[in-house]
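Visitor: Hi, could you walk me through this one? I'd like to ask things as they come up.
Guide: Happy to, ask away.

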Number of protein chains: 2
Amino acid sequence: MSELDASAHEPAAPPGDGGLVRVRIDLGYDGTDFSGWASQPGLRTVQGTVEDALATVLRLPARAPLTVAGRTDAGVHARGQVAHVDVPVQRWQAHPNPLRALGRALPADISVHAIGPAAAGFDARFAALWRRYAYRIRDGVVAPDPLRRREVLWHRRELDVELLNAASLRLVGLHDFAAFCRFREGGTTVRELAELNWRRDGDAPDGLLVATLVADAFCHSMVRALVGALIPVGEGRRDVGWPAQVLLGGVRDPLVQVVAAHGLTLEEVRYPADDALAERAHLTRRPRRGQ
Amino acid sequence: MSELDASAHEPAAPPGDGGLVRVRIDLGYDGTDFSGWASQPGLRTVQGTVEDALATVLRLPARAPLTVAGRTDAGVHARGQVAHVDVPVQRWQAHPNPLRALGRALPADISVHAIGPAAAGFDARFAALWRRYAYRIRDGVVAPDPLRRREVLWHRRELDVELLNAASLRLVGLHDFAAFCRFREGGTTVRELAELNWRRDGDAPDGLLVATLVADAFCHSMVRALVGALIPVGEGRRDVGWPAQVLLGGVRDPLVQVVAAHGLTLEEVRYPADDALAERAHLTRRPRRGQ
């Protein structure tokens, strides 16, 4: 989930006669039965499954590695995930309808919405302006709608939206989120949290609770740690200022419980207009100075 | 799914000291892993699972049989299902919080939204004014949102909403729906289809197609047969008037393909105001004269 948690892949497929074409892929998945996005030997991952399907559909000489906007953890879902892959232009041009073919090749828990040549300068990871995640909670004694149980956390105590929002507002902005990030040697934990708010679905008093989080990027487990710090506030067990105090502490607080993965969904990744892509990718590759 | 497909259950639990209390249960379920609503020996059914949980939670001397508004088939889901059960008033009153206890006792693919004593004259099946079903279709080459794939049919050809609606309008009204009902000895197939329309979710051009069907009652497989007759119209393969011609034919047409169960969800059951419940139950128990 971080912009800094892996180096960018270099194209691995041999160029062939016509060189490589960068292809953008928009996709969604039900993360329940995947060991996360990132390929891992012997495990069923989204990346590995899509790379296999692409290699089959485009008859690639070898798996071409995907670069992704949001490296989701095991159990985390996506509706608006974006990836890119560099493939031999000949192979790409030889296929009459890669979208349809991928639809047939992929399992039902992955859906590719769109696939096509990327604009010049596009990089799924480094050109992204921001990522938007949703965390969904059914609070109270009534279990979630069974048809949505795979993407909704059931929290058996009721939560107060106004308390959640009051506490969330104090976390918004450019901060060092080290207190909510899994430690990673050499990585910065400074992020700009542009939005963090809660509402009930359809604004109904018994609606599903949905947290919306928008940031330039998220460090590992950041959304789930933030939600975990806010829940005790929503229950009335902790003060509205507590999550901001944890943030200021700058170290992981064992009192913050990271919430379950299955309530989390990557909903959208936003990129700048085509003519600003390369500039954006250049900017985000630079090391960021914390403040 | 019919008002006439089973006789009303008689209360089976012994009355005990205080007699019986009729309890109304509002619930939803993911039908994927159930062999339908109705109890069948050796099979996992919604009715059997809820009856078991109720017997455990309320410490009933024996399973008390549920009467339901819509007897859904295997694979069909529900969000707004309603049932009633007659239980010894002593057992009911002895439990401090049956809603919470059922939430803990039931599996994640059933959710009870509400449970409590029913108004006088209430009968989940016979007092219902109408039932509302939704049938959801993702049309075109892009697979459905994986998180909703259990409740959405993937139809790989695109469908035209205006054609679907034009054909649907001709089916609305009081008709003998024998052409769309599985034959059942002695049962009437006259139904009043109050609403049958299609829209795209969120009115987006690429939104999920949702058919809404409202009727006083539906005979067995009626919704899925109606949708199956409309799909070729939406594809442009059949004339807008074809489904109405099938209706007039009055016998099942082998050209009508009954669509898959998993796209179908019982969304809502509507009852009259409390003071009109008994009157409504009396009316719907009378045999209906077709026209």
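Visitor: Which residue of chain B comes closest to the rotation axis?
Guide: That is B:Arg148, whose C-alpha lies at 3.8 Å from the axis. Before we go on: this is a predicted model, where local features need pLDDT of at least 70 and side-chain atom pairs count only at pLDDT 80 or more, while totals for chains, interfaces and linings use all residues. Residues are numbered from 1 along each chain as its sequence is written, and chains are lettered from A and ligands numbered from 1 in the order in which they are written.

Visitor: OK, what turn and shift lay chain B on chain A?
Guide: A turn of 180 degrees with a shift of 0.0 Å along the axis does it, at an RMSD of 0.0 Å. That is the relation of a two-fold axis. The superposition is by least squares on the C-alpha atoms of residues with pLDDT of at least 70 in both copies.

Visitor: And how many residues does each chain give to the contact?
Guide: Chain A gives 23 residues and chain B gives 23 residues; being in contact takes C-beta atoms, placed from the backbone, within 7 Å. On the side of chain B that touches chain A, strand S1 (20-29), strand S3 (77-88), helix H3 (98-105) and strand S4 (110-117) of chain B are the elements giving two or more residues. Helices (H or I, at least four residues) and strands (E, at least two) are DSSP runs, numbered from the N terminus.

Visitor: What classes of residue make up that side of chain B?
Guide: There are 10 nonpolar, 5 polar and 8 charged residues. Here Ala, Val, Leu, Ile, Met, Phe, Trp, Tyr, Cys and Pro count as nonpolar, Asp, Glu, Lys and Arg as charged, and the others, Gly among them, as polar.

Visitor: Switching topic: which residues of helix H4 in chain A are buried?
Guide: In H4 (residues 161-169) of chain A they are A:Leu164, A:Ala167 and A:Ser168. Buried takes 20 or more other C-beta atoms within 10 Å of a residue's own, exposed 12 or fewer, and partly exposed is in between, with C-beta atoms placed from the backbone.

Visitor: What do the buried residues of H4(A) pack against?
Guide: They pack against strand S8 (190-200), helix H5 (222-234) and helix H6 (242-249) of chain A.

Visitor: Last one: how far apart are the C-alpha centres of domain 1 and domain 2 of chain A?
Guide: They lie 28 Å apart. Domain 1 covers 20-127 and domain 2 covers 130-269 of chain A, with bounds from an automatic or database domain assignment.

Notes: Contact = placed C-beta atoms within 7 Å.
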